[in-house]
Amino acid sequence: HGCTKPFVPMGCGDFSRFASRQLVFNWSSWVQEKYPTADEAWRDLCDKRMEQVIPLTAGPVPYYMFGEVWAQWPLANFVHPGWREAFRFMDTLGGTPPDGYVEPIEFRTAYGLASTYLSMFGWCEMLRKQYGTSQEAWKALSGAEFGFQSPVDFEKWKTSFWNTYSPEAGMSKAEADESFVYADADGNEEVSEKEFASIYFSCAPENQGKPPGGQAAEAEKKEESAAVA
């Protein structure tokens with residue numbers, strides 16, 4: 001019957017995107033420490049596991065195989081949410097629509113998420129030096145001060161926001177898709193002004209170390225409350 005109520009198969013129901021996002025950030029820390037590059041991680045974690053199952057071959061990882069890929073993380077059985085939610089989150093990354101497979105480009109984006117924070121922190125510091133308020137920064141970068149009101153989707157984020165950032169010598173710069181995933185906290189494929197503001201304030205003394213929330217912060221609180229209830 002597919003993913004329809006009242007009979008919703010495990011893994012089909014609504015998932016806690018914020019908890020899943022944090023989960024994949026934590027996995028990213030482990031996988032970056034274990035493998036120097038995303039390609040090496042893909043070959044060892046994904047290609048090898050796929051090739052062990054006849055008649056599968058190396059390539060995109062389908063939903064029914066992802067649990068075995070995820071299980072290679074030592075903390076896989078000790079964290080919640082689990083591999084199903086991680087799969088659904090990864091399947092939305094890399095600028096590709098969800099298709100029931102984790103593709104190499106999606107895997108590479110997930111691999112890089114842990115180090116994205118450092119890049120975003122550097123950008124935050126640059127923004128705060130250049131603009132007096134988050135509203136001022138948003139108006140300048142989004143074009144709102146000139147009357148442009150179009151949504152900040154990935155392409156606009158890449159050209160109007162992220163391409164304007166030149167890190168200081170010795171600092172790394174995350175890929176545009178990694179920074180977009182980091183900024184788009186609610187996963188609606190657009191960066192809102194409130195989500196942007198959460199980045200602008202993320203390097204303020206009182207907020208250092210916190211992931212971006214913005215407009216999604218209230219939804220994140222509701223998820224946490226629901227989990228406790």
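In this predicted model, the side chains of arginine 49 and glutamate 68 meet in a salt bridge, with an N to O distance of 2.0 Å. Arginine 49 belongs to helix H2 and glutamate 68 to helix H3 (residues 63–70), so this pair ties together parts that are 19 residues apart in sequence. Glutamate 68 has a relative accessibility of 31% and counts as partly exposed.

A search of the whole structure finds 4 salt bridges, among them the three listed here.

| Salt bridge | N to O distance |
|---|---|
| Arginine 49 – glutamate 68 | 2.0 Å |
| Aspartate 44 – lysine 48 | 3.0 Å |
| Lysine 129 – glutamate 168 | 3.9 Å |

The bridge between aspartate 44 and lysine 48 is contained within helix H2 (residues 38–51), where the two residues are 4 residues apart, about one turn of the helix. Both partners are partly exposed: aspartate 44 has a relative accessible area of 25%, and lysine 48 has a relative accessibility of 46%.

Lysine 129 and glutamate 168 also meet through their side chains, at 3.9 Å from N to O. This pair links distant parts of the chain, 39 residues apart: lysine 129 lies in helix H6 (residues 113–130), whereas glutamate 168 lies in the loop between helix H8 (154–161) and H9. Lysine 129 is exposed, with a relative accessible area of 68%, and glutamate 168 is exposed as well, at 57%.

Helix H6 also takes part in a covalent link. The count of disulfides comes to 1, and the bond is formed by cysteine 124 and cysteine 203, whose sulfur atoms are 2.0 Å apart. Cysteine 124 is in helix H6 and cysteine 203 is in the loop between H10 and helix H11 (217–228), so the disulfide ties together parts that are 79 residues apart in sequence. The link is left-handed, with -80 degrees about the S-S bond. Cysteine 124 is buried, at 0% relative accessibility, and cysteine 203 is likewise buried, at 8%. Another cysteine, cysteine 46, has a relative accessibility of 2% and counts as buried.

Turning to surface charge, Asp153, Glu155, Glu189 and Glu190 form a negative surface patch. One of its members, glutamate 189, is found in the loop between helix H9 (176–183) and helix H10 (193–200). Glutamate 189 has a relative accessible area of 43% and is therefore partly exposed; this value satisfies the patch requirement of over 30% relative accessible area.

Technical notes: Residues are numbered from 1 along each chain as its sequence is written. This is a predicted model: local features need pLDDT of at least 70, side-chain atom pairs count only at pLDDT 80 or more; totals for chains, interfaces and linings use all residues. Side-chain values use heavy atoms; hydrogens and water are left out. Patches are made of residues with over 30% relative accessible area and no salt bridge: like charges are joined within 9 Å, nonpolar side chains (Val, Leu, Ile, Met, Phe, Trp, Tyr) within 5 Å. Accessible areas come from the Shrake-Rupley method with a 1.4 Å probe; for residues, only the protein chains shown count as cover. Lys and Arg count as positive and Asp and Glu as negative; His and the chain ends are not counted. The place of a charge is taken as NZ of Lys, CZ of Arg, CG of Asp or CD of Glu. Buried means under 20% relative accessible area, exposed over 50%, partly exposed in between (1.4 Å probe, protein chains only). A disulfide is a pair of cysteine sulfur atoms within 2.5 Å.
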